[in-house]
Amino acid sequence: MKPKSGLTRFHNCNILREGKIIKEDLWIREGKIVNPEQVFYVEQLEADDTINCDNLLIAPGFIDLQINGGWGVDFSFSTTNVEEGVCKVAKELLAHGVTSFCPTMVTSDKEKYSSILPRIKKAQGGKQGATVLGVHLEGPFISLAKKGAHADEYIINPDKGIESILEVYGPLDNVIIVTLAPELPGALDAIRGLTGLGIKVALGHSTANLADGERAVKCGANLITHLFNAMLPFHHRDPGLVGLLASSTENQVFYGIISDGIHTHPAALRIACRTNSKGLVLVSDAVPAQGLPDGTYSIGPQAVNVEKGRAYVAGTKVLCGSTSALDECIIKFKEATGCSLEYALETASLHPARALGIDHCKGNLNYDCDADFVIMEPETLKVVSTWIAGECVYSAPK
C-alpha cells in the first residue's frame, strides 16, 4: 500500500491563471497550490484524491474590501454579539464565492470603536466562514459636504495626524484599511502615520481636488473608496479624485467601485476600466440588508429603508451602500462593460489582493499560493462550490 501523498487533483477543469483561462489540472497540498512538474518529475507522487470538475471553471476566491454587513448584521452597530455577527456574515459569504473580506465600520462615536473594533479580529477562514483580513474603517475623518450616509455629528478632522486617529479608534491591531478625506487638516500626517504602521489608506467621502489626491498618494495612500460616489464629480479643469485614474503619479492607484446596477452608470464603469484597468477593484459595499427582503434596517447610527433592492437613508433618497453580493457585482460589471470573463473575475480577486499587497499568497492560482478558489459554471457564473486552504467550505444545493 502506497503512503499517502497529501495531494488532491482537480481534473477536467478550466482554471484562471495569469489573465488566461486554460485547460489544466489544479493540484493542491496542505492548503497550497502545487506545481505538478515538481510532483511528477521530482517527487514522483500520485494524488490521493482526484476530483472530476466536468469542465467547470476554477477562479481565485473573491476578496471583498468593503462590506458593512449583511443578513441583518451591522458591523458598526451591535456591541453585544460582535463575534457572532462577523461569523454569520463570514459563513453566508461562502455561497457567493467570497473567501476573504474586510468587515467595514462606518463613521461612529468613540464608544462604538472601543467596544466593537477590538472584537473583530483577523482570522483564517474555513468551514466556519471566509477569512477576515482586517477591518476597513470608513470615517469619521471625512468631509461633511460628502458625508453620504454617514452621521454628521461624529465627523471630525484628524488635526493631530496619527495621534487623532489613535484617539478615536484606539489600538489598530485589527485594522487593514482606513478611508479618509485627504484635504482635511492633519490628513497627510495621518496618512504617513497609518502607512508607516502597514495600514492601507483609501481616499473617499471627500471634496479633494486632484492636487490634494496626488499629495496623499505621495504620502502613501493607494486606494480610492467607491469611485464616483461621495466625491466631487469629474470636471475638465480639475478632475478631483477621479483624476487619479490618469494621474502622472508613479504609484499604482487602486479604486473600489460598486457595480450593483444602481451606484454607478454602465458608461462610468466603462470609462473607469478603460482609463485605469489595473486599478479597478470591485466591492460590494453591502449593508446589513444584504440577503434580506425590503424593509427597515440600519447602518451604524443611521436608519435605512430598502425599497426594491435599493438602500436609502431613512426619509431621503441618499443611497447608503448596496444589497448585492460580490458575485452579483461581477456579473453586472461584465454585462455593463463587455470586458472579458478573465478580467471581470480578476477585478474581484487579483486586483484587491494587489491593493492590499497580499497577491503573493491570495487572489490568484499561482504555485505556492493559498488554495482559496471558487468553482463556477462558466456561462452563468453560478457558484458551485467554494474552497479555502484546499478545503471545500461550501457546496451549492443540487
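This section describes the overall dimensions of a predicted model and the surroundings of selected residues.

The chain contains ten helices and 24 strands. Its C-alpha trace spans about 70 × 45 × 40 Å along the principal axes. For 398 residues, a compact globule would be expected to have a radius of gyration near 21 Å, and the value of 21 Å computed for the chain agrees with this expectation. Of the 398 residues, 57% count as buried. The accessible surface amounts to about 16,300 Å², and carbon and sulfur atoms account for 52% of that area. Among contacts between residues at least 6 apart in sequence, 69% join residues at least 24 apart. The chain carries 36 positive and 46 negative charges, and the mean positions of these two sets lie 2 Å apart.

Two residues around strand β12 were examined in turn. T131 belongs to this strand, which comprises residues 131-132. With a relative accessible area of 5%, T131 falls under the 20% limit and is therefore classed as buried. Its side chain reaches the backbone nitrogen of G125 at 2.8 Å. G125 also appears among the contacts of T131 beyond four places in sequence, together with T99, S100, F101, A123, Q124 and I388. L133 follows in the loop between β12 and β13 and is likewise buried, at 11% relative accessibility. The C-alpha atoms of L133 and A123, ten residues apart in sequence, are separated by 6.9 Å. When neighbours within four places are set aside, L133 is in contact with I63, S100, F101, C102, K122, I176, L356, I358 and K362. S100 and F101 thus contact T131 and also L133.

N174 lies in the loop between α4 and strand β14, the latter formed by residues 175-180. This residue is buried, with a relative accessible area of 13%. A polar atom of the N174 side chain lies 3.2 Å from the backbone oxygen of P118. Apart from residues up to four places away in sequence, N174 touches L117, P118, R119, I120, K121 and K122, as well as G134 and V135. K122 is also listed among the contacts of L133.

L326 is located in helix α8, which covers residues 326-337. At 1% relative accessibility, L326 counts as buried. G97 is 229 residues away from L326 in sequence, yet the two C-alpha atoms are 8.1 Å apart in space. Beyond four places in sequence, the contacts of L326 comprise F62, I63 and D64, then V98, then L282, V283 and S284, and finally A348. I63, one of these contacts, is also touched by L133.

C392 is placed in strand β24, residues 391-395. Its relative accessibility of 23% lies between the limits of 20% and 50%, so C392 is classed as partly exposed. Excluding residues up to four places away in sequence, C392 touches K127, S385, T386 and W387. The C-alpha atoms of C392 and K334 are 27 Å apart, with their positions 58 residues apart along the chain.

Several backbone features were also identified. Most residues other than glycine have a negative phi, and most peptide bonds are trans. Against this background, a cis peptide bond joins G139 and P140, with omega about 10 degrees. P140 is found in the loop between strand β13, residues 135-138, and helix α4, residues 162-169. A positive phi of about 30 degrees occurs at H226, although this residue is not a glycine. H226 lies in the loop that connects β16 (223-224) with β17 (254-257), and its relative accessible area of 4% places it in the buried class. D285, also not a glycine, has a positive phi of about 50 degrees. The position of D285 is in the loop between β18 (280-282) and β19 (295-299). At 6% relative accessibility, D285 is buried.

Key
Residues are numbered from 1 along each chain as its sequence is written. This is a predicted model: local features need pLDDT of at least 70, side-chain atom pairs count only at pLDDT 80 or more; totals for chains, interfaces and linings use all residues. Side-chain values use heavy atoms; hydrogens and water are left out. Helices (H or I, at least four residues) and strands (E, at least two) are DSSP runs, numbered from the N terminus. The radius of gyration is taken over C-alpha atoms; the globule rule is 2.2 Å times the number of residues to the power 0.38. Buried means under 20% relative accessible area, exposed over 50%, partly exposed in between (1.4 Å probe, protein chains only). Contact means heavy atoms within 4.5 Å. Accessible areas come from the Shrake-Rupley method with a 1.4 Å probe; for residues, only the protein chains shown count as cover. Lys and Arg count as positive and Asp and Glu as negative; His and the chain ends are not counted. The place of a charge is taken as NZ of Lys, CZ of Arg, CG of Asp or CD of Glu. A polar contact is a pair of N or O atoms within 3.5 Å; within protein, one must be able to donate a hydrogen and the other to accept it, and residues adjacent in sequence count only if both atoms are side-chain atoms.
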